[in-house]
Structures are given as C-alpha cells and as structure tokens.
Amino acid sequence: MQRHPTAERLAYTVPPAIVVGVCGHGLATIRALHGGGMPIVALETSTRPPGTHTRLARVELVPDLNGPGLIDALLALRERISCPRQPVLFLTNDTMVRTVGQHWSRLEGRYALSWSQARDRLTPLLDKPALESRCQATGVAYPATFLLNTPKDAERAAQTIGFPMIAKPARPLSRFKTAQPDSPAALRALAERFAGDLPFLVQQFIPGDDTSIYFCAFYLDRGQPLARFDGHKIRSRPLGHTSIAEPLPNEAVHAEALRFFAGLDLSGPVSLELKQDPVGRLWVIEPTVGRTDFWLGLCTANGVNLPLIEYRHQTGMPFVAPAQDNSTVWFNEDRDPLGRLWLGQHGRPGMLGRRSAFLFLHLDDLGPTRAFLAQTLLGLATSVYRRLRRLLG
C-alpha cells in the first residue's frame, strides 16, 4: 500500500466515491466502482487488511472507522476535497451505518448518502431484537426468539425455545456470528465465554443446511427498487459466514423481501436473507440496510453492480436497470481457502461451465491477492510452529 499524506489537498473534476473500510467487503465495493470514471478514496485504520494493497483506490489511514472518530475523519477529509456536488459515501458494516445515521447532522451538506432521508426508518432495522415485531407487522415468518441477557438466563432460554436452537449476538462486530449450542449447559458456557458480546438472540433452529438459505438485494429509491439481485448460499465457513454462493433468481424470495421492506419508503442498498424449511416456508434470518452485503462480489460478477448504480443515482448520472445473469459462482477464500476444491467434489448439476469469482483474487488487482497469500502462509507457519512446540514440550 502506498501511504498518502492526510493533509494533502485533493481536487477532482467529478465527485469521488468514499469507501469506509477496506475489508473484503470494502475491497469488493472499490472493485465494483472502478471503471465508473470516478476517483475512489478509501479509509482504513491499518495496513493489515489485504484490501489496503489495492491499486484501484487512494487508501488513507484514520484512527477510527466505527465510533464518533469516523465522523471527525470524514469531516477532515471533506475539508481537503474540492469537487463539484458532494462526494458519495459508501459504508461497509452495521456499526458504521449506525454511527453515520446518528451523527448525520454533522455530515449533511458535505456528503451524499443514499439513505440519508430515510435514516429514521432504516436505522431501527439494525436492532436484531426489533426484527420480530417488524416480521409480525408484515406477516413474514420469523423464528421464535428469546433475548439472553446473562449466562443465568440459559436454562429459561432452553425451556422457551427448545432444541435445536441457534444463538447469535444482538450487536454487530461481535467475536462470533452464529453458534448452535446443544444443551442448556452449552448455551451457558457460550454466554460465559462471550460475556462481552451479550445480549444474544436465542432462536428456534429452522431445519435445513446451508443450501436452504437464499437472499435478495435491492437498490431502492423511496421504496421503489431500481435494481435487484437474487442469490443462494451453498456453504458457510464458519457458521453464519457465507463462503460459497451462487446467483439464483427466485420469485418467492423476491416477494418476501418486498413484503418485509414494504411501507418503509427506504432508499439505498438493502437486502434480506431467508431460510426455506422442508415444507417450503421462508423464514427471515436477517436484513442488511444502509450498505451492501459481504457477498457483493457475487452480484457484480453476475451483472448487477449495486455500488455503481448507487453512485450514478446519487450524482444524477443516467443508468439502465441491469439484468442479472447467472454465470458466476462466488468464493470467500478468506473463510474457506479450499472452497473451490470442495465445490469441485460436491458440486450440483448446473455448476459445470460456470466461472469463478473470489473475494481477494482478481487478475486486474493483484496487490490484495499477494497480501492475503502472505498472511495465510505466515498464519499457517505460525500454527505449525506452535503445534511443534507443544509436541516437543
């Protein structure tokens, strides 16, 4: 990564895209925007994420990406930028969405944000405990849920929900995403181990494996979809993290997603993940609002470039509603390094002849690939060394 001085003045003839965070998701956003003719400035807190080695954006380091320091960093950056209209802001996790939503009055007039006029309706959807009431209001199925506040609640949660169950933190950026405790003792142990991530949502487990999970993404303008993408999960590594996904148009999933968001008059990127039970009923897992989802690279590889549509819409540029193709399977090699090999052994009919897209590997942008491989090999060598030390006493 080339370090850029944070006091340098930046002059552009078009509004730049500002991508907050250069994790794999931020990198996918940068790559989706590249080629749109706009400059891209990305913010990160360190050079450790492989995405910071991209050649497609100007990457600058800031002290904070998730708390109030993010607002200060964006204000300082805006003072240095000279451009027509306003730079377009792209966020990459729920905490950023919440922070910007809460402090938008400080940024208003300085940045373009696709959902700024809908933030009072959008940010409540970030609260997982509130999803049950939203699903009840719209008639969309949602698993029975218990809010576990302390490890002492484990027995009562087990009695209320029963087994099998899943548990997941109610707040974003926690140390785990989803777990499947198989007894009250296991649930209590999970709560004690991750006490700093409480409260948990303890939910009824909907029967079915990873391939029962579907998702639908939109770019909305006051409730009206300007773009749509339907996909399907093939594998999760670890539980809850999509590691292999495919494009798969599904009208039933699309209808349930529209139903969930109906009446909120939302704008910007949103998506909904659902699980289909053995009798065909679709159950809400969780929405994503104010940002695209981590599997953005799947959408872009199959013809639906959500960030570029968002940029063009926010800057008043014309665009044509894209048609989804179904040519490419997406792999998250960070979570599942051998995912391509696994799919070759477990592939289903219809996979033959499809292309592959990856989280880091990209022939036009090899810096992140090299950084990811170096970190992976170093991690492997460190793991082997520690095991040998234990074996040798």
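1. Two strands count as paired if DSSP finds at least two bridges between them. Strand 10 (residues 213–221) and strand 11 (residues 224–236) meet that criterion with eight bridges, and their pairing is antiparallel. Within this pair, Y219 has A227 of strand 11 as its bridge partner. The model is a predicted one, and the points below should be read with that in mind.

2. Strands 10 and 11 belong to an open sheet of seven strands, ordered 14-13-10-11-12-15-16, with mixed pairing. The edges are taken by strand 14 (282–289) and strand 16 (355–358); each has a single partner strand, so one side of each has no neighbour in the sheet. From one strand to the next the twist averages 25°.

3. A second open sheet has three strands in the order 7-9-8, and its pairing is antiparallel. Strand 7 (145–148) and strand 8 (165–169) are the edge strands, each pairing on one side only. Neighbouring strands in this sheet are turned against each other by 25° on average, direction ignored. Strand 8 is joined to strand 9 (residues 200–204) by five bridges, and the two run antiparallel. One residue pair to inspect here is A167 with V202, its bridge partner in strand 9.

4. Next, the packing of two helices. Helix 2 (residues 68–80) packs against helix 3 at an angle of about 70°, and the axes are 9 Å apart. Since 65 to 115 degrees counts as roughly perpendicular, helix 2 is therefore classed as roughly perpendicular to helix 3. The crossing of helix 2 past helix 3 is right-handed. On the helix 2 side the contact involves P68, L70 and I71, and on the helix 3 side M96, T99 and V100. By class, the residues of this contact are five nonpolar, one polar and no charged.

5. Which residues does T99 touch, once those up to four places away in sequence are set aside? They are N66, G67, P68 and I71. T99 lies in helix 3 (residues 94–102). With a relative accessible area of 8%, T99 is buried, because the cut-off for that class is under 20%.

6. L266 sits in the loop between helix 9 (251–261) and strand 13 (268–276). Is L266 buried or exposed? Its relative accessibility is 1%, so L266 counts as buried. Apart from neighbours within four places in sequence, L266 contacts A118, R121, L122, L125, L220, D221, R222, G223 and F261. L266 and T99 are 167 residues apart along the chain, and 18 Å separates their C-alpha atoms.

7. How many residues of helix 1 (residues 24–33) are buried? The count is 10 of 10, and the helix is mostly covered. The buried residues of helix 1 include the charged-class R31 as well as H25 and T29; a colleague checking side-chain surroundings may wish to view these in the model. The elements covering the buried residues include three strands, namely strand 2 (17–20), strand 3 (40–44) and strand 6 (88–90). Also among them are helix 10 (296–301), helix 11 (306–314) and helix 13 (367–391). After helix 1 comes G35, with a positive phi near 100°.

Terms used:
Residues are numbered from 1 along each chain as its sequence is written. This is a predicted model: local features need pLDDT of at least 70, side-chain atom pairs count only at pLDDT 80 or more; totals for chains, interfaces and linings use all residues. Side-chain values use heavy atoms; hydrogens and water are left out. Helices (H or I, at least four residues) and strands (E, at least two) are DSSP runs, numbered from the N terminus. Axes are lines fitted to C-alpha atoms, for helices over the stretch in contact, and angles run from 0 to 180 degrees between N-to-C directions. Buried means under 20% relative accessible area, exposed over 50%, partly exposed in between (1.4 Å probe, protein chains only). Contact means heavy atoms within 4.5 Å. Angles under 35 degrees count as roughly parallel, over 145 as roughly antiparallel, 65 to 115 as roughly perpendicular and the rest as oblique. A crossing is left-handed if the near helix is turned anticlockwise from the far one by less than a right angle, and right-handed if clockwise.
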